[in-house]
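Visitor: I would like to be shown around this protein chain. Could we take it one question at a time?

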Amino acid sequence: MKYGYFDDNKREYIITNPKTPVKWTNYVGTLSFGGIVDQTGGSLICKGDPALNRIVKYIPQLPGSDFKGETLYIRFKEENGKYKIFSPFFVPTLDDYDLYECHVGLSYQKIVSEFYGIRTEVTIFVPNEENRVIRKIEVKNISGKDLEIDVIPVVEFTHFDALKQYTNADWCPQTMTMRASKNADGTVLLRQYAFMKKDTENNFFTSNYPVDSFQTDRKLFLGDNEYGTWKNPLELQNESLSNFEANRGDNIAALLHKLGTVKDGETKTVVTQLGQGAPNEIEKNAEKFKKVAKVDKAFQELSEFWDDYLSKAEFHTPDAAFNSMVNIHNPRQCHTTYNWSRYLSLYQLGLGARGIGFRDSSQDILGILSSMPQKGKELIKKLISVKKEDGSAMHQFFPSTMEANEGDSREEPHLKDYYGDDHLWIVQTVIEYIKETGDYDFLDEEITFYEKKVPLSNRKKATVLEHLKRSLEFTKNNCGKHGLPMLGFADWNDTVNLPGDAESIFNANLYGKALNEMAAMLDHLGDTTLADQYRKDHAHMKEVVNTHCWDGDWYLRYFEDNGNPIGSKQNSEGQIYTNAQSWTILAGFATEERAKKSLDSIEDKLNTKFGIKLSYPGYNGYDESIGGFLRILLEQKKMAVFSYIQILG
């Protein structure tokens, strides 16, 4: 089944069948204000931390056919006098369409559809540096006759504390409030807030078109004590909505726009704004994008941002698909992960459990340094500030509070509480930033160590260079029986969690890469003494890896606490792991002969037409002593192909 195609000229992926196998999300805006929009117009919008300042209620676990956060209804009267109601986004009404296109663009979503002789084009984006998402709704009559058309955009709000919305069903509805004000031009401004934010931050929803009526209570909109449905909201059969201002309950914003008679071939435009701001500024701010020309200018400025961002590095080869990937989609993805890390997505739901990952963001920064190095530097400083005095790093942190924690290791108190690779990634990230910018003065900037119980003003500091040195020292001082770095709770493969003093060949390789990078930089800085010491440390670890980890045709992946290998011919399952081969080469540990042999083994045992597998052969049962990795692979023994393996090994 084909669901769409790439349009490289427009820098878009165009979905032509909304019933994709999984929800297909796009990111609009940034972590400062923005979120995700799916292929049927549903959205999850937040300002800042998605756990602590969420605006729209999007529940990813709902079926794809259900309303999720935001939609658009269009209605017209049929010959029987009843309204025909449909969504040009397909969901939630599920009407048959004559045309459906979801243009997944660079920080925008454009949904173009044709139902019942009505063509709708909705462009969804967050203007640069703005705390609002705009939906430009263009409705064209292509039916061959004049039509009376009404347009009703709808948003469902959530409590700002995203997790509390689901865990405290008594308190949250009591706090939710809606207020409406009608302007002289016939437009309506709806404000939404939990009462404790009444005087500090309000959400707002408004449009640039005169409003016939509005609704702010979900129960009244759906009708019949909510036995009406999002597929067929009963209140939309009424001539007008009830203009009810909710003092509690499930808050929505529904604005009924009566476009009047739309002649055949005529287009009418409605622009909505969903945003957040200080209560005394909202009314003025809402005026900013009422004119369509202003909206079009903002959309053009967004396009110009991407022109500039993508122009920093371009590559042209005979392979058009490769060019598309490296010049458009990969740099765009790097921009997305820089902003959001894994904090808000459809697998990490932004409810406060994860935050920004230390390893994730250390890697993400590498992808944006050529385009926006100063933004990379800002995030590097945040990452270093959650490194501990011993050189290790906290696994994740929350961007609004900078509170950090140890990640999933908190759930396994019998295992080590640090990840053996986190602190090593930042070494390469800092050095790549310096290579890109020549900003050697950054190495002398002082940044605090993380100590949760100590106030920020009282925390100890060290230079950036000292932080990097301590990263290497921590690994050097925490090795196991074979002289390899200990695994900790986990390494890059988060779900292999071995008890005791298990050792990780991957951590050894990452350490080796970091040693080489540091030695080269210190040579440039004139500190040849320390550079020489790092080269000695590298030579020592190279000897350890080649003495203990070569299995005849490839390198091992782990040693358990009892000395048993994983990723060995001795194992009946999981005999070979990809990144034990690739990273031994990247670290400069593999001899030329062994490098060739290990890569041949990847080609022979791990390569498939879908990409390279994580490991081989597949596991046939769950072994609690190894960890959740096996649970992931059990149902996909022949399909364990991860994207990062294809890029970073």
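What follows is a set of questions and answers about this predicted model.

Visitor: How many helices and strands does the chain have?
Guide: The model is predicted, so the elements named here belong to a prediction. Two kinds of element are counted along the chain, and the totals are 16 helices and 30 strands.

Visitor: What radius of gyration does the chain have, and what does the globule rule give for its length?
Guide: The C-alpha atoms fill a box of roughly 85 × 55 × 50 Å along the principal axes. For 649 residues the globule rule gives 26 Å, and the chain comes close to that, so it is as compact as a globular protein of that length. The radius of gyration of the chain is 28 Å.

Visitor: What percentage of the residues count as buried?
Guide: A residue counts as buried when its relative accessible area is under 20%. Of the 649 residues of the chain, the share that counts as buried is 56%.

Visitor: Among contacts between residues at least 6 apart in sequence, what share joins residues at least 24 apart?
Guide: Contact here means heavy atoms within 4.5 Å. Taking the contacts between residues at least 6 apart, the share that joins residues at least 24 apart is 63%.

Visitor: Which helix gives the most residues to the largest nonpolar core?
Guide: In soluble globular proteins, nonpolar side chains tend to be buried together. The largest nonpolar core here has 77 residues, and Val 430, Leu 484 and Met 518 have the most contacts inside it. Several helices supply at least two residues each, including H5, H6, helix H9 (422-437) and helix H12 (528-548). With 11 residues, the one that gives the most is H11.

Visitor: How many residues are in the other core?
Guide: This core lies apart from the largest one. Among its members are Val 28, Phe 214, Ala 246 and Val 262, and its size is 47 residues.

Visitor: Which residues does Met 518 touch, not counting residues up to four places away in sequence?
Guide: Met 518 is one of the residues with the most contacts inside the largest nonpolar core. With residues up to four places away left out, the residues it touches are Val 427, Ile 431, Leu 465, Leu 468, Lys 469, Leu 472 and Tyr 534.

Visitor: Is Ala 519 buried or exposed?
Guide: Ala 519 lies in helix H11. Leaving aside neighbours within four places in sequence, Ala 519 is in contact with Ala 531, Tyr 534 and Arg 535. Its C-alpha atom is separated by 8.3 Å from that of Gln 533, 14 residues apart along the chain. The relative accessible area of Ala 519 is 3%, so Ala 519 is buried.

Visitor: Which helix gives the most to the lining of the second largest pocket?
Guide: The second largest pocket holds about 780 Å³ of space. Its lining has 30 residues, and Thr 30, Leu 31, Ser 32, Asn 339 and Lys 375 lie nearest its centre. Strand E3 (25-30), helix H5 (292-311), helix H6 (320-340) and helix H8 (373-384) each supply at least two residues. With four residues, the helix that gives the most is H8.

Visitor: How many polar residues are in the lining of the largest cavity?
Guide: The structure holds five cavities of 30 Å³ or more, and the largest has a volume of about 100 Å³. Of the 15 residues that line it, the closest to its centre are Phe 160, Gln 192, Tyr 193, Ala 194 and Asn 203. Strand E14 (188-194) supplies the largest share, three residues. By class, the lining has five nonpolar and three charged residues, and the polar ones number seven.

Visitor: Where is Pro 92?
Guide: The peptide bond from Val 91 to Pro 92 is cis, with omega near 10°. Pro 92 is placed in the loop between strand E7 (83-86) and strand E8 (99-104).

Visitor: Is Ser 341 buried or exposed?
Guide: Ser 341 has a positive phi of about 50° although it is not a glycine. Ser 341 lies in the loop between H6 and strand E19 (356-357). With a relative accessible area of 6%, Ser 341 is buried.

Technical notes:
Residues numbered from 1 in each chain as written. Predicted model: local features only at pLDDT ≥ 70, side-chain atom pairs only at ≥ 80, totals over all residues. Heavy atoms only, no water. 1 Å grid on protein atoms, 1.4 Å probe; cavity = no way out; pocket = protein on both sides within 12 Å on 5 of 7 lines; lining within 4 Å. Points joined across faces, edges and corners; volume = space filled by probe spheres on them. Nonpolar A, V, L, I, M, F, W, Y, C, P; charged D, E, K, R; others polar. Core = buried A, V, L, I, M, F, W, Y, C linked by side-chain atoms within 4.5 Å. Buried < 20%, exposed > 50% of the residue type's maximum accessible area, 1.4 Å probe, protein only. Rg over C-alpha atoms; globule rule 2.2 N^0.38 Å.
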